[in-house]
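Grab a pencil and work through these short exercises on cysteines and pockets. Try each task before you read its solution.

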Amino acid sequence: MDSPAETTPSWVFDASDDEAMVVALAEARLAAAGGEIPIGAVVVDRERRVLSRSHNRRERDHDPTAHAEILALREAGRRSGGWRLDGATLYVTVEPCAMCAAACVLARLECVVWAAPDPKGGFAGSLANLLEDPRLNHRVAWRSGLRAADATQLLEIFFAKLRSRG
């Protein structure tokens, strides 16, 4: 897969992928309800058990690093008892930014599955791809497009409401 424009065919995803992304979408809705950009994330271990789930909390926490992915990775590390999340997969509703993509590499994730592309800030295929950068000491597999329409709709509704407030 060379670019996010070539999203992963739906046949590559199975029922457990879909279940995990549904959880991430529920987290994204919680973010929107709290006035945050609607991005949700969930980390599952190699046995497909949910280790953690989170959503954006930058506004609430007054923390520029409180992205859904970072918060989910932190909790997954606490729950698993270590920072290495070997064999784990992160499901996120929007393509990770540079910070989050780098955190995925540092956590030694096996895979990242993201729904909607972020052409202005995504670093998992759009602007660059830190997940597969050969200069780094770990590579993270990635797949995209799972429930992309659902994630995109959440973003569109959120930003339309924001613009209508003036």
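**Exercise 1.** Decide whether cysteine 97 is buried or exposed in this predicted model.

*Solution.* Start with the relative accessible area of cysteine 97, which is 17%. The cut-off for buried is under 20%, so cysteine 97 counts as buried. Now run the same check on cysteine 104: its relative accessibility is 0%, so cysteine 104 is buried too.

**Exercise 2.** Work out how many disulfides the structure has, and why cysteine 97 and cysteine 104 don't form one.

*Solution.* First, recall that a disulfide is a covalent bond between the sulfur atoms of two cysteines. To be called one here, the two sulfurs must lie within 2.5 Å. For cysteine 97, the closest cysteine sulfur belongs to cysteine 100, and at 3.7 Å it is too far for a bond. For cysteine 104, the closest cysteine sulfur is again in cysteine 100, at 6.9 Å, so that is too far as well. The search of the whole structure comes back with zero disulfides.

**Exercise 3.** Describe the largest pocket: its volume, and what lines it.

*Solution.* The volume comes to about 320 Å³. Next, the lining: 17 residues, with Ile37, Ile39, Val94, Glu95 and Asp118 nearest the centre. Sorted by class, that lining gives nine nonpolar, three polar and five charged residues.

**Exercise 4.** Find which helix gives the most to the lining of the second largest pocket.

*Solution.* This pocket has a volume of about 180 Å³. Its lining includes Ala32, Pro38, Phe158 and Arg165. Helix α5, residues 148–164, gives the most, with five residues. By class, the lining holds six nonpolar, one polar and two charged residues.

Notes
Residues are numbered from 1 along each chain as its sequence is written. This is a predicted model: local features need pLDDT of at least 70, side-chain atom pairs count only at pLDDT 80 or more; totals for chains, interfaces and linings use all residues. Side-chain values use heavy atoms; hydrogens and water are left out. On a 1 Å grid over the protein atoms alone, a cavity is a set of points where a 1.4 Å probe fits but cannot get out, and a pocket is an open set with protein on both sides within 12 Å along at least five of seven lines; lining residues have an atom within 4 Å of a point. Grid points are joined across faces, edges and corners, and a volume is the space filled by probe spheres set on the points. Ala, Val, Leu, Ile, Met, Phe, Trp, Tyr, Cys and Pro count as nonpolar, Asp, Glu, Lys and Arg as charged, and the others, Gly among them, as polar. Helices (H or I, at least four residues) and strands (E, at least two) are DSSP runs, numbered from the N terminus. Buried means under 20% relative accessible area, exposed over 50%, partly exposed in between (1.4 Å probe, protein chains only).
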